[in-house]
Amino acid sequence: MAESIKLILLSFLASIGFGVKFQMKSHYLVLAGFGGALTRLCYLLLVQVIDSRLIYSLLAAMFASLYAEIMAMKCKMPSTVFLYPAIIPLTPGSLIYNTAANFLLKDTKAMWHSAGDCALTLLGISIGFVLISTFTYYRRVYFLGKDLASHLLHHPHKK
């Protein structure tokens, strides 16, 4: 329990640090920190009840993305302002490190195991982001009654 609280607090601080590094406005830093802390809490809870790395990474990323979308709507900012700090706790740094270390130690079996876990984590995170961003895009289109990306698909009128 104490270890989990420590991880959540460190995630809060890391997310704030990420916001500071990328010059986030000071009044949004606490929201960025909460995003990281809540994402870590969500991740820790999911790891306890789900055995699949892909699934718990996907669900935690969906939570972070949903948090970012809600904060973006509330603060009238782009969602990436809140998404990047919120996903800091999900980055598989230890898996990347273990993969590289096992590669250098020529422990092929451990290297491939770490690389596979890292790939599953990154795949889950990516799919989670895509699902939520697609959902929120179509939600905006539906409620605003217009296609927000029509300028990307619009072709000049032919004569």
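This passage walks through the fold, the one salt bridge, the main pocket and a few surface features of a predicted model.

The protein is all about helices: there are seven of them and zero strands, so the order from the N terminus reads simply α-α-α-α-α-α-α. Of the 159 residues, 36% are buried.

Charge pairing is sparse here. Searching the whole structure turns up one salt bridge, and that bridge joins the side chains of Arg53 and Asp117, with 3.7 Å from N to O. The two partners come from distant parts of the chain, 64 residues apart: Arg53 belongs to helix 3 (residues 53-75), Asp117 to helix 6 (residues 108-144). Asp117 has a relative accessibility of 16% and therefore counts as buried, since the cut-off for that label is under 20%.

Arg53 turns up again in the largest pocket, where the lining also includes Arg40, Tyr43 and Thr121, along with an unbroken run made up of Pro89, Leu90, Thr91, Pro92, Gly93, Ser94 and Leu95. Two elements, helix 2 (26-49) and helix 5 (93-104), each supply two or more of the lining residues. Helix 5 is the top contributor, giving three. The pocket holds about 160 Å³ of space. As for chemistry, its lining is a mix of five nonpolar, four polar and two charged residues.

Helix 2 is also the place to find Leu45, a member of a nonpolar patch on the surface. Val30, Phe34, Leu38 and Leu41 complete that patch, and the five residues together have about 420 Å² of accessible area. Leu45 itself has a relative accessible area of 52%, so it is classed as exposed; the threshold for that class is over 50%.

Two loop residues stand out for their backbone angles. Gln23, in the loop between helix 1 (2-21) and helix 2, has a phi near 60 degrees, a positive value in a residue that is not glycine. Further along, Lys106 sits in the loop between helix 5 and helix 6, and here too phi is positive, at about 60 degrees, without the residue being a glycine. Gln23 is exposed because its relative accessible area is 72%, and Lys106, at 70% relative accessibility, counts as exposed as well.

Definitions and conventions:
Residues are numbered from 1 along each chain as its sequence is written. This is a predicted model: local features need pLDDT of at least 70, side-chain atom pairs count only at pLDDT 80 or more; totals for chains, interfaces and linings use all residues. Side-chain values use heavy atoms; hydrogens and water are left out. On a 1 Å grid over the protein atoms alone, a cavity is a set of points where a 1.4 Å probe fits but cannot get out, and a pocket is an open set with protein on both sides within 12 Å along at least five of seven lines; lining residues have an atom within 4 Å of a point. Grid points are joined across faces, edges and corners, and a volume is the space filled by probe spheres set on the points. Helices (H or I, at least four residues) and strands (E, at least two) are DSSP runs, numbered from the N terminus. Ala, Val, Leu, Ile, Met, Phe, Trp, Tyr, Cys and Pro count as nonpolar, Asp, Glu, Lys and Arg as charged, and the others, Gly among them, as polar. Patches are made of residues with over 30% relative accessible area and no salt bridge: like charges are joined within 9 Å, nonpolar side chains (Val, Leu, Ile, Met, Phe, Trp, Tyr) within 5 Å. Accessible areas come from the Shrake-Rupley method with a 1.4 Å probe; for residues, only the protein chains shown count as cover. A salt bridge is a side-chain nitrogen of Lys or Arg within 4 Å of a carboxyl oxygen of Asp or Glu. Buried means under 20% relative accessible area, exposed over 50%, partly exposed in between (1.4 Å probe, protein chains only).
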